[in-house]
Amino acid sequence: MNISGIDLNLLIYFDVLLREKNVTRAASMLNITQPAMSNGLRRLRTLLNDPVLVRTSNGMTPTEKSRKLAPVIRKLLLELEEALQEEKEFDQSSERVFRIMASDYAESTLIPRLLSKLRKVAPNMTVDIMTPSDVTFHDVEEGKIDMAINRFDELPQSFYQKTLWHDSFTCMMNADNPIVNKFNLNHYLASKHVWVSKTGFGVGVGMNPNDVQKLGWVDEALNRLGKKRDITVFTRNYNVAMQLALQDELIATLPTQAALIHKNNSNYTLLEPPFPIPNIELKMIWSPLLHHDASHIWFRQLVLEAATELWADNK
């Protein structure tokens with residue numbers, strides 16, 4: 001094949017079609033008409049001597065040849081975009097909107113510090129904070145979401161990522177709780193507990209107190225000791241969990257950065273858990289499509305600075 005005659009637009013069409021697997025959505029992504037996208041698919045089929053996408057019971061499915069070509073073409077387009085990107089600084093007077101998917105943990109701890117910094121250096125900008133159930137990995141990959149900040153078990157290899165901090169756990173309870181001065185594993189297990197969601201992406205489901213694998217870090221750590229806590233409340237909100245810790249001698253076992261929000265509140269006592277719990281890792285992730293964007297580079301640096309400052313203040 002003589003590549004000198006290839007229309008670069010066809011490679012862009014191919015890249016979007018393989019990700020969307022739908023002509024209408026691909027046309028919308030490229031802001032062209034559906035007939036134009038259909039014509040592009042016909043030209044791709046002629047160029048590659050391959051159907052590219054075929055209709056199956058699961059919808060439009062890439063051919064084997066298309067699947068092999070997809071990462072090669074994506075890499076070429078990203079490298080070309082980087083080479084053509086103009087070197088320029090981001091205008092901090094911009095009215096740009098940054099969309100972030102943040103877990104409740106991240107929203108409770110990091111986001112207030114981030115917004116405080118943003119108001120000082122770029123007061124015209126807006127932040128749209130979305131929950132894990134609002135978005136998917138596909139939304140992040142397509143650059144529809146500027147970044148996601150959460151604790152992730154697994155990530156697509158194409159994503160860029162940066163660790164913001166590693167966090168331990170803290171037990172939070174009312175300062176008048178009678179076990180404060182004799183806190184040990186037996187008293188912990190004899191108490192009632194608040195469970196807080198570890199939701200990643202996607203819509204959450206109802207919890208089963210007996211399903212240890214889905215309960216998360218604290219309960220998995222107890223299970224390794226052959227123990228189980230008595231969970232009386234399930235919540236998906238860290239601030240709610242912290243409020244509940246004031247009531248009825250409940251204990252909320254939270255990531256330390258969240259518990260430290262109330263470090264100066266004399267109504268609470270913060271104690272180290274009486275058993276080992278592995279640290280969690282808070283990350284920010286973003287699409288390769290945004291990696292070289294000047295505004296995105298600037299914002300990522302601001303997020304990192306906010307995380308570093310917050311961690312230093314809470315040491």
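Leaving aside neighbours within four places in sequence, serine 295 is in contact with Phe90, Arg96 and Phe98. The model in which these contacts appear is a predicted one, and this briefing moves from that residue to two open sheets, then to the largest pocket and the largest cavity. Each of the two sheets has five strands with mixed pairing, one in the order 4-3-5-12-6 and one in the order 9-8-10-7-11.

**Serine 295**

- Serine 295 belongs to helix 12, which covers residues 294–313.
- The relative accessible area of serine 295 is 7%, and because buried means under 20%, this residue counts as buried.

**The sheet with the order 4-3-5-12-6**

- This open sheet combines its five strands with mixed pairing, and strand 4 (126–130) and strand 6 (160–167) stand at the edges, where each has a single partner strand, so that one side of each is left without a neighbour in the sheet.
- On average, and with direction ignored, neighbouring strands of this sheet are turned by 20 degrees against each other.
- Strand 3, made up of residues 97–102, pairs with strand 4 in the parallel sense over five bridges, and within strand 4 it is threonine 126 that serves as the bridge partner of valine 97.

**The sheet with the order 9-8-10-7-11**

- The pairing in this open sheet of five strands is likewise mixed, and its edges are taken by strand 9 (230–235) and strand 11 (268–271), each of which has a single partner strand, so one side of each is left without a neighbour in the sheet.
- Neighbouring strands here are turned by 30 degrees against each other on average, again with direction ignored.
- Strand 8 (residues 192–196) runs parallel to strand 9 and is joined to it by five bridges, with tryptophan 195 standing opposite phenylalanine 234 of strand 9.
- Strand 8 also runs parallel to strand 10, to which three bridges join it, and the bridge partner of valine 194 in strand 10 is alanine 252.
- Strand 7 (residues 169–174) pairs with strand 10 in the antiparallel sense over four bridges, and methionine 172 stands opposite alanine 252 in strand 10.
- Strand 10 (residues 250–255) is mostly covered, since six of its six residues are buried.

**The largest pocket**

- The space in the largest pocket comes to about 350 Å³, and of the 18 residues that line this pocket, those closest to its centre are Ala70, Pro71, Arg74, Glu141 and Ser158.
- Helix 1 (8–20) and helix 4 (64–84) each supply at least two residues of the pocket lining, and the largest share, seven residues, comes from helix 4.
- By residue class, the lining of the largest pocket divides into nine nonpolar, two polar and seven charged residues.

**The largest cavity**

- The count comes to one cavity of 30 Å³ or more, and the largest cavity has a volume of about 100 Å³.
- Of the 14 residues that line the largest cavity, Val196, Trp217, Val218, Arg229 and Thr253 are the closest to its centre.
- Strand 8, helix 9 (217–224) and strand 10 each supply at least two residues of the cavity lining, which divides by class into nine nonpolar, two polar and three charged residues.

Definitions and conventions: Residues numbered from 1 in each chain as written. Predicted model: local features only at pLDDT ≥ 70, side-chain atom pairs only at ≥ 80, totals over all residues. Heavy atoms only, no water. Pairing = 2+ DSSP bridges. Axes fitted to C-alpha atoms, helices over the stretch in contact; angles between N-to-C directions. 1 Å grid on protein atoms, 1.4 Å probe; cavity = no way out; pocket = protein on both sides within 12 Å on 5 of 7 lines; lining within 4 Å. Points joined across faces, edges and corners; volume = space filled by probe spheres on them. Nonpolar A, V, L, I, M, F, W, Y, C, P; charged D, E, K, R; others polar. Buried < 20%, exposed > 50% of the residue type's maximum accessible area, 1.4 Å probe, protein only. Contact = heavy atoms within 4.5 Å.
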